[in-house]
Amino acid sequence: MNLSQGGTMTHQSIIQTIHNARGDRDALLALVSDSTLEALREEKPGLARERYASELAMLLFDAKSVTIRWTQVIFGKSFKRRYDLTRGDHAIDALKNWVLMSKSLAAYRAVGEDQKAYDAILEDNRKKLGKHVLYSGVPTSLELTRHRK
């Protein structure tokens with residue numbers, strides 16, 4: 001499936017925005033968000049996410065595979081995951097993980113890097129929404145490495 005073919009105005013504008021951001025990796029990473037994924041999901045409700053996720057992830061991350069690294073408060077532990085974006089399931093996981101980790105890091109920084117305040121946000125989300133929308137490990141850094149293969 002070519003993401004730039006057909007669709008509604010919303011779908012076209014998202015894809016056009018992605019194509020316009022080519023070459024500006026920061027702008028592309030900024031487009032990796034829940035709203036981008038949700039707009040595409042609404043546009044193609046009958047289409048399996050794996051069908052468009054791979055192409056979308058390669059466009060947004062500007063690579064064929066990526067490694068997402070983050071450090072978290074607990075024991076200062078570092079984690080990394082490598083995703084092959086040519087596989088739909090890996091592409092979905094990479095997009096979701098980047099969205100989750102970047103939202104979580106932004107929230108942690110927004111509360112002045114106060115772990116208790118971050119934990120209060122987590123608990124509030126759990127009570128109101130019935131689930132965690134932020135990473136519970138309190139991320140302190142986030143890094144993306146792009147790979148050609």
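**View A. The salt bridge between Asp89 and Arg87.** In this predicted model, Asp89 and Arg87 form a salt bridge in which the closest N and O atoms are 2.9 Å apart. Asp89 is partly exposed because its relative accessibility is 34%. Arg87, at 40%, also counts as partly exposed. The structure holds five salt bridges.

**View B. The salt bridge between Asp62 and Arg25.** The side chains of these two residues meet with a distance of 3.0 Å from N to O. The pair links distant parts of the chain, 37 residues apart: Arg25 belongs to helix 2 (residues 25-30), while Asp62 sits in the loop between helix 4 (49-61) and strand 1. Asp62 has a relative accessibility of 34% and counts as partly exposed; Arg25, at 39%, is partly exposed as well.

**View C. A salt bridge within helix 6 (residues 115-129)**. Lys128 pairs with Asp124, and their closest N and O atoms are 3.4 Å apart. The two residues are separated by four positions, about one turn of the helix. Lys128 is exposed at 64% relative accessibility, whereas Asp124 is partly exposed at 34%.

**View D. The open sheet of three strands**. The strands follow the order 2-1-3 with antiparallel pairing. Strand 2 (78-84) and strand 3 (139-147) each have a single partner strand, so one side of each has no neighbour in the sheet. From one strand to the next, the twist averages 15°. Seven bridges join strand 1 (residues 65-72) to strand 2, and Thr67 stands opposite Arg82 in strand 2.

**View E. Helix 5 (residues 88-110) packed on the sheet**. Helix 5 touches strand 1, strand 2 and strand 3, and its direction makes about 145° with that of strand 3. Gly112, which follows helix 5, has a positive phi near 70°.

Notes
Residues are numbered from 1 along each chain as its sequence is written. This is a predicted model: local features need pLDDT of at least 70, side-chain atom pairs count only at pLDDT 80 or more; totals for chains, interfaces and linings use all residues. Side-chain values use heavy atoms; hydrogens and water are left out. Two strands pair if DSSP finds at least two bridges between them. Axes are lines fitted to C-alpha atoms, for helices over the stretch in contact, and angles run from 0 to 180 degrees between N-to-C directions. Contact means heavy atoms within 4.5 Å. A salt bridge is a side-chain nitrogen of Lys or Arg within 4 Å of a carboxyl oxygen of Asp or Glu. Buried means under 20% relative accessible area, exposed over 50%, partly exposed in between (1.4 Å probe, protein chains only).
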